[in-house]
Structures are given as C-alpha cells and as structure tokens.
Amino acid sequence: MQKKNWTNEDLQKLSQMREQRVPTPEIAAALGRSVRAVDTATYALRKGGKAQPQTSATVEADEPRADYWQKRAKTAEHALHENEMKREAVDVLIEQAHELAPKSYQPLDWSVDRLLKKTTSRPQSAVLMLSDTHIGQVVDPDETLGVGAYNFGLFLRRLKRLERSVFSILQDHTTTQVPEIVVAMLGDMLHGNLQHSVEAGQTNTLFDQFYCAGHALAQFLQRLTTIAPVRVHTAVGNHTRWGHQKKMPTDNRYSNADQFLYAYIQALTRDIPAIQFNLDRQPFALFEVQGHQFFAGHGDHLRGGDRILGIPSHAFGRNVATHSQLASRTGRNVPEYYLFGHLHRSITLPHVNGEILVNGGFAGIDGYGLAEAFNSTPPTQRFFLMHEKFGRSACYDLRLDFGDIEAHDYSLPDAIFTCQ
C-alpha cells in the first residue's frame, strides 16, 4: 500500500511543533500520522530534505532476471532502512533526554567553615599493631649491601616516628571521635639471644634489651594516653624464648622474655589509669574492638609459602578454620580479624568472616633475610580504625625509616643505660 505523502504545510506544522517541544505522540495525533512516520519526517527535515513515501519497483512477471534483482534491491532497501532508523532512534532519544532535563545543576558554594566542621558520626576505636621491634639487634650496613641498618638508636627514632604518625592521623586527619587506642603487642619485642634457632653471641645482653625496651615503650604508651585511653593486649614471640630451647615450647609458651618485658612495662605505667594491660598466658590473645572479635598471635606457627611473596596461605587457612571451630565449640564469638607479626611484612588477606592482617617489622632487611633470599620490605607498622557497624575502616602502613634522621625525646636512666 502506498504511503501518504507529506505536504509542505504538514512539514511546516511539524517543524513548528518540534520547536515548541511538543511531545512526539501529540504531534502524530495532530497530523494524523504514526509516531514512526513523525520520527522519519523529523530526521528528513534535519537532513534538509523532504519525507517521501517508500514505493516498491514493479517488474514484469515474465522477467526472471528482473525478479532476482528485485529481491536483491528489496534486501538492500531493507538494510538501508534499518540503518537509517537506528540513527533516527539515537537522535530522537537525545532530543527527548534534553526535553526531560530542562535545566542543569549548578556548582555548590562550599564554605571553609563547612569543610572543617567536625562530623557527628559514630566513634571509632584505633588499633595499633606493635611487633617485631627486635630491640637489641644490630644490623651493619656493610653486611647488607648498604640497604639495611638497625640498632637501639634507630629503634628510638623509628618509635618516635611511629608516635608522630599516630598523633598526626588522630589529631589532623581523623574527624571521628576515638574513645580508645588498642595496642596489640605481638611479640619479638626483644631480639633475644637466639639467631633463628641457633644460639649466638649477644651484641646486647638480655638485661640491656629488657631494661631499655621497657622504659622506651612505657613512655610511648604514656604519650598515647594524651589522645585516648590505651588498652594493651599481648602475645609472645619466638625470638625471645630461652637460649636452650631449639624451638618454641607448646607448654608454658608464655614463659618468655617478651612476657617479662610486658610485665615490666605494666609496672612502669601502673600509676597511669588510662593504660590497661591484659597479659595473656595462652599462645594468642582474644579480645573485642567495637563489638568485633579479634585473634592476635605472633605467627611463628604459620609456616610454608614462597619466599618472594612470603605468604603462607595454607597455614593461614588452617588457622582460620581451626579457631573458627574452636570458637563455636566453646561458645565464643568466631574471630573476624586475625592479627599476626613474625613475617616482617604488611599483608592483608580476606576470609569468609573478615580479614587476616600481618604486621611489618622495625629492622627492615638484615643479614639473615639477605643470605636466605627473602624478599625485603621497608620497616613498617600497621594502624587502623574500627567502626561498630562497618568494621575496619581507615588503614595505614606507617613507614618507620622516614624517621631515621629525626631526633627523639625518649629518656632512659643514665646509671644503667648500656644498650647501643
């Protein structure tokens, strides 16, 4: 059937109604045409031509070659029409989008007062993973390609850098209220008198390590209380086992130089009500932060994995599975966050109920790591915030070696200070 031609009067009315932003269905009703016909005519007007009906060529029935070419022409005509309609649809949709958005939004005038206004959101607790300080260890740059260096003086500077970083984050970069700082001390705080399961000569005696570390860390915790109350949870490391022990014991694991250090720090801070110590005798500490369950251990039981990435994946999986079952059996909450040290590198791994977080160390690369081809990482410690509803929020890997050239203000009694 032949289509109805568009007259000049029809096209003029169509153009006027388009300029007046009349919706396409109303235009079609006013002109007595279909919506498709109106869209086709609109496209033709934009191209500067007129909409004409499509007519099919006629051929004689007795011309078989003409029949063939007529089919080919219809096929080409159909393809061309489909292509034109796709372009028309895009034009129509763009035009209708502009009709539906008669105005655009304007930039907001953000005032300085509004930007600096403190938020009224829920408070978040701060968690500091403090481990692998290896106080008493000495790393000579001449034995580590010039990239490794560590001694008691550098420990004090790096501890000061850690203190400054925590203060900067909680005072200058955090708008939420922080009701407490939870410090998870995860072991190997002292270097001990062992060198990876083999007895070695001590550069600094155990007493020097113990005494110097106690006073420095007590002052560190004391200063944190000027921001918020401090809650300490502890686990002992493997470097601080007694010299005759070739491996960590399964019984009385807590009988360890780290445990004596924790008790000494607790005694040095006993007159500071804002510091609460929780000395665990079991191999790991269990505690809650903002209603979330934590598991904290040193991590020397996590063996295997590759030395390049240093991730004992299967050991992590066994630990999570075992303690999830143990928690269910004893009626405790299943741990959501697992905190470990020992590996001297920052690692974050997910599990079905939360995360596994591994802390860095203070010393950085040393002779053992270099000789055994362990992938070296810079000295870091982990610090993050905990939200009651959302769990771990902001997380920081704090670089400690940036403080190597800075001064510290920790003081130790001169009468017995010999740790270098």
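Okay, quick definition before I start: two strands count as paired if DSSP finds at least two bridges between them. Keep that in mind, and keep in mind too that this is a predicted model.

So, strand 1 and strand 2. They run parallel, with five bridges joining them. If you want a spot to click on, alanine 126 sits opposite isoleucine 181 of strand 2.

Now zoom out to the sheet. It's an open one, six strands with mixed pairing, and the order goes 6-5-2-1-12-13. Which strands stand at the edges? Strand 6 and strand 13, residues 391-399; each has a single partner strand, so one side of each has no neighbour in the sheet. On average, neighbouring strands here are turned by 20° against each other, if you ignore direction.

Next, what packs on this sheet? Helix 7 lies across strands 1, 2, 5 and 6, and it runs at about 160° to strand 2. Helix 8 packs on the sheet as well, where it touches strand 2, strand 5 and strand 6, and its direction makes about 155° with that of strand 6.

That brings me to the inside. As a general point, nonpolar side chains in soluble globular proteins tend to be buried together. In this model the largest nonpolar core has 48 residues, and the ones touching the most other members are Phe155, Val183, Leu217 and Leu221. Among the elements giving two or more residues to this core are strand 1 (124-130), strand 2 (181-185), helix 7 (206-224) and helix 8 (257-268). Which helix gives the most? That's helix 6, with ten residues.

Let's stay on valine 183 for a second. Leaving out residues up to four places away in sequence, valine 183 touches Leu128, Leu130, Leu221, Leu224, Val230, Arg231, Val232 and His233. There's also a second, separate core of 15 residues, including Val182, Leu186, Phe294 and Phe384.

Over to another set of strands: 9, 10 and 11. Strand 11, residues 354-358, is mostly covered, with five of its five residues buried. Strand 9 pairs with strand 11 in the parallel sense, over four bridges, and there tyrosine 337 has glutamate 355 as its bridge partner. Strand 10 also joins strand 11 through five bridges, but those two run antiparallel. Threonine 348 is matched with leucine 357 in that case. Strand 10 leads into strand 11 by a hairpin through two residues.

A couple of backbone oddities. Arginine 21 has a phi near 60°, which is positive in a residue other than glycine. You'll find arginine 21 in the loop between helix 1 (8-19) and helix 2 (24-31). Is arginine 21 buried or exposed? Exposed, because its relative accessible area is 52% and the cut-off for exposed is over 50%.

Histidine 344 has a phi near 60° too, again positive in a residue other than glycine. Histidine 344 is in the loop between strand 9 (337-340) and strand 10 (347-351). At 24% relative accessibility, histidine 344 counts as partly exposed.

Last thing, for anyone thinking about cysteines: how many disulfides does the structure hold? Zero. Cysteine 212 is buried, with a relative accessible area of 0%, whereas cysteine 395 comes out at 28% and counts as partly exposed.

Note on methods
Residues are numbered from 1 along each chain as its sequence is written. This is a predicted model: local features need pLDDT of at least 70, side-chain atom pairs count only at pLDDT 80 or more; totals for chains, interfaces and linings use all residues. Side-chain values use heavy atoms; hydrogens and water are left out. A disulfide is a pair of cysteine sulfur atoms within 2.5 Å. Buried means under 20% relative accessible area, exposed over 50%, partly exposed in between (1.4 Å probe, protein chains only). A nonpolar core is a set of buried Ala, Val, Leu, Ile, Met, Phe, Trp, Tyr and Cys residues joined through side-chain atoms within 4.5 Å. Contact means heavy atoms within 4.5 Å. Axes are lines fitted to C-alpha atoms, for helices over the stretch in contact, and angles run from 0 to 180 degrees between N-to-C directions.
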